[in-house]
Amino acid sequence: MLAGEGLHPSSKGARVRFRDPSAPSSTGPSAETKELVAGFWIWQVKSKQEAIEWVKRCPNPMREDSEIEIRQVFEAEDFGAEFTPN
């Protein structure tokens, strides 16, 4: 296994729609789990807004209307005292 990070809920994320360049981005939660993505890129940014700005620079990943969902990766600090390092 190369990675096993958990993602924060979609309610803490955002989606950037590739269609009309003036269309606003939306915040989570996503409507249905079948709409959630499986692959991911990891960027280190200071805020969700900075991540949205990076995604807006990406080319449309599909030949039709599409979206890229932004989610935060859990880090050790998110688990507090319950986290037991190896």
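Among contacts in the protein chain between residues at least 6 apart in sequence, 63% link residues at least 24 apart. The model in which these contacts occur is predicted.

**Overall architecture**

The protein chain contains 1 helix and 3 strands. Along the sequence, these elements follow the order β-β-α-β. Of the 86 residues in the protein chain, 19% are buried. The accessible surface of the chain amounts to about 7,100 Å², and carbon and sulfur atoms account for 53% of that area.

**The nonpolar core**

The largest nonpolar core consists of 9 residues: Ala14, Val16, Phe18, Ala51, Ile52, Val55, Cys58, Ile68 and Ile70. At least two residues of this core come from each of the three elements listed below.

| Element | Residue range | Contribution to the core |
|---|---|---|
| β1 | 14–18 | at least two residues |
| α1 | 48–56 | at least two residues |
| β3 | 66–70 | at least two residues |

In soluble globular proteins, nonpolar side chains tend to be buried together.

**Arg15 in strand β1**

Strand β1 also includes Arg15. Is Arg15 buried or exposed? Arg15 counts as buried because its relative accessibility is 13%, and the cut-off for a buried residue is under 20%. The side chain of Arg15 is joined to that of Glu69 by a polar contact of 3.3 Å.

Strand β1 (14–18) thus appears in two parts of this description: the strand supplies at least two residues of the largest nonpolar core, and Arg15 has its place there.

Definitions and conventions:
Residues numbered from 1 in each chain as written. Predicted model: local features only at pLDDT ≥ 70, side-chain atom pairs only at ≥ 80, totals over all residues. Heavy atoms only, no water. Helix = DSSP H or I, 4+ residues; strand = E, 2+ residues; numbered from the N terminus. Buried < 20%, exposed > 50% of the residue type's maximum accessible area, 1.4 Å probe, protein only. Contact = heavy atoms within 4.5 Å. Areas by Shrake-Rupley, 256 points an atom, 1.4 Å probe, with all protein chains shown as cover. Core = buried A, V, L, I, M, F, W, Y, C linked by side-chain atoms within 4.5 Å. Polar contact = N/O pair within 3.5 Å; in protein donor to acceptor, adjacent residues only side chain to side chain.
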